[in-house]
Amino acid sequence: MYKIISVVGARPNFMKVAPIHRAFLEHRDTFTHLICHTGQHYDANMSKVFFEDLELPVPDYYLGVGSGSHAVQTANVMIQFEQVLLKEQPDMILVVGDVNSTIACALTAAKLGIKTSHVEAGLRSFDRAMPEEINRVLTDSIADYLFVTEKSGLENLHREGVSSDKVFFSGNCMIDSVVRYLPKAEQSEILLQYKLSPKQYILITLHRPSNVDNPAKLGELINFLNTVAAKRKVIFPIHPRTKRNMADSNLLETLHPDITLIDPAGYLDFLNLIKNAEAIVTDSGGIQEESTYLGIPCLTLRKNTERPVTIEVGTNQLMGDDFPRALEALNEILQGKVKAGSIPELWDGHAAERIVEKLKELL
Ligand code: UD1
């Protein structure tokens, strides 16, 4: 029997670990799988609702680290996770994505000589001003097994000199969750709740520090959203960080009345909002992938993406912070001129199964 501890910390981790947990359960004769939630995200609508929607069990460990500066948050996760590792002595830990909890736990395990798998390895934005880029590069450099979602990840790791026998092209676990939960998400009543009609609204999400932490930039963004709202209804599930920054700069009251501002949505409701959107405007990493899988036009308000396959074969387009260009691109979409896309290789709903099968061989 092998004991594995998977780490979740922030919202985008839950939909990746849920299918991995299920795949480990399929091999319960070989693996004991524990889940450790660091508590990086702690509000019910940033955490608990995902456990319910994704049918995740109550985590075996909850570290309750909460918010803080990068150093404080990362250090607190490390201090507490070390105790978990010392007590459980797992054969391997598994971390996903690129949040502070990812690097904190990978580093803690590496220093104790415990093997680490990184799921969603190899993605690179080549922008070291992004906290996630630092987390990605560092986690990949200390992980023992690297599971990659798209071919660019293989190239990046090869260029960085990572030995190819540690690297596996598994596909995308987040898409496993989309495949599994889409039928259930179709039953969500969120459109009725906010009086939205399918394909007649724009879905917005914004939370990257580079967009929302600078008041002047945030003001420009809100002007852009107000122009969009003059054309179509807008629904904007707002991240707590963005809401706090808008409140601090007195921007909340400047929003166009046709922008429906809602609390962060649960997984099933949000999937429904993506599926039925006419277009999406976002700075999220995961939503670039979910929209590509579902074939929904996506305009990404960033200068780079660590997920280039969503541009190369998917429906995503990078807009940087060029708001006139983004408006032009949106107008085209609203006139029906949409970029055709297809589904990237191995985004087929079976990535987690491939990962667990591979671990069975490796351990
Ligand atoms: C984190 C990840 C980011 C990911 C995002 C998804 C890092 C470096 N960043 O960013 O990669 O895209 O999650 O949401 O790990 N807050 C709450 N309630 C919560 C959680 C956060 O109110 O449950 C507020 C706090 O004011 C906190 C702020 O949001 O200070 C930022 O939270 P934090 O976890 O530091 O980073 P995110 O911006 O959420």
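# Notebook: a ligand shell and a few odd residues

I started at Gln40, where a polar contact of 2.8 Å joins its side chain to that of Ser101. Note to self before going further: this is a predicted model.

**Gln40, continued.** I looked up where Gln40 sits, and it is in the loop between β2 (31–37) and α2. Buried or exposed, then, for Gln40? I found a relative accessible area of 9% for Gln40, and residues under 20% count as buried, so Gln40 is buried. The side chain of Gln40 also has a partner outside the protein: one of its N or O atoms is 2.8 Å from an oxygen atom of the ligand.

**Other ligand contacts.** I went on to Tyr42, which uses its backbone: an N or O atom there lies 2.9 Å from a ligand oxygen. With Arg208 I was back to a side chain, with an N or O atom 3.2 Å from an oxygen atom of the ligand. Next I checked how much of the ligand is covered. On its own the ligand exposes 740 Å², and the protein buries 88% of that.

**Who lines the shell.** Which elements give two or more residues to the shell around the ligand? I noted α1 (11–26), α3 (70–88) and α11 (240–248). The top contributor is α11, with three residues. I counted 21 residues around the ligand, and the ones that come nearest are His41, Asn100, Glu132, His207 and Arg244. Sorted by class, the shell has eight polar, seven charged and six nonpolar residues. I also asked which domains it draws on. Domain 1 (2–171 + 347–362) and domain 2 (183–334) each supply at least three residues to the shell.

**Zooming out.** I tallied 16 helices and 13 strands in the protein. Its radius of gyration is 20 Å, close to the 21 Å that the globule rule gives for 363 residues, so I have it down as being as compact as a globular protein of that length. The box filled by the C-alpha atoms, taken along the principal axes, is roughly 60 × 40 × 40 Å. For burial, 58% of the 363 residues make the cut.

**Helix α13.** How many residues of α13 (residues 286–294) are buried? I got nine of nine, so to put it plainly under the under-20% rule, the helix is mostly covered. The buried set includes Glu289 and Glu290, along with Gln288, Ser291 and Thr292. Ile287, Tyr293 and Leu294 are on that list too. Right after α13 I found Gly295, with a positive phi near 70°.

**Positive phi without glycine.** Most residues other than glycine have a negative phi, which is why I wrote down the exceptions I met. Glu55 has a positive phi near 55°. I placed Glu55 in the loop between α2 (48–53) and β3 (61–62). Its relative accessibility is 46%, which falls between the 20% and 50% cut-offs, so Glu55 counts as partly exposed. Asn250 is another non-glycine with a positive phi, about 50° in this case. I found Asn250 in the loop between α11 and β10 (259–262), and α11 is the helix that gives the most to the ligand shell.

**Pro344.** Where is Pro344? I found it in the loop between α15 (323–334) and α16 (351–362). At 6% relative accessible area, under the 20% limit, Pro344 is buried. I checked its separation from Val309: the two are 35 residues apart in sequence and 6.9 Å apart in space, C-alpha to C-alpha.

**His158.** This residue belongs to helix α6 (residues 151–159). Its relative accessible area is 62%, over the 50% limit, so I logged His158 as exposed. From His158 to Gly122 I read 9.1 Å between C-alpha atoms, with their positions 36 residues apart along the chain.

**Glu361.** Last stop: Glu361, in helix α16. Buried or exposed here? Exposed, because the relative accessible area of Glu361 is 59% and the limit is 50%. I compared its position with Ile190: they are 171 residues apart in sequence, and 43 Å separates their C-alpha atoms.

Conventions
Residues are numbered from 1 along each chain as its sequence is written. This is a predicted model: local features need pLDDT of at least 70, side-chain atom pairs count only at pLDDT 80 or more; totals for chains, interfaces and linings use all residues. Side-chain values use heavy atoms; hydrogens and water are left out. A residue is near a molecule or strand if one of its heavy atoms lies within 4 Å of it. A polar contact is a pair of N or O atoms within 3.5 Å; within protein, one must be able to donate a hydrogen and the other to accept it, and residues adjacent in sequence count only if both atoms are side-chain atoms. Accessible areas come from the Shrake-Rupley method with a 1.4 Å probe; for residues, only the protein chains shown count as cover. Helices (H or I, at least four residues) and strands (E, at least two) are DSSP runs, numbered from the N terminus. Ala, Val, Leu, Ile, Met, Phe, Trp, Tyr, Cys and Pro count as nonpolar, Asp, Glu, Lys and Arg as charged, and the others, Gly among them, as polar. Domain bounds come from an automatic or database domain assignment. The radius of gyration is taken over C-alpha atoms; the globule rule is 2.2 Å times the number of residues to the power 0.38. Buried means under 20% relative accessible area, exposed over 50%, partly exposed in between (1.4 Å probe, protein chains only).
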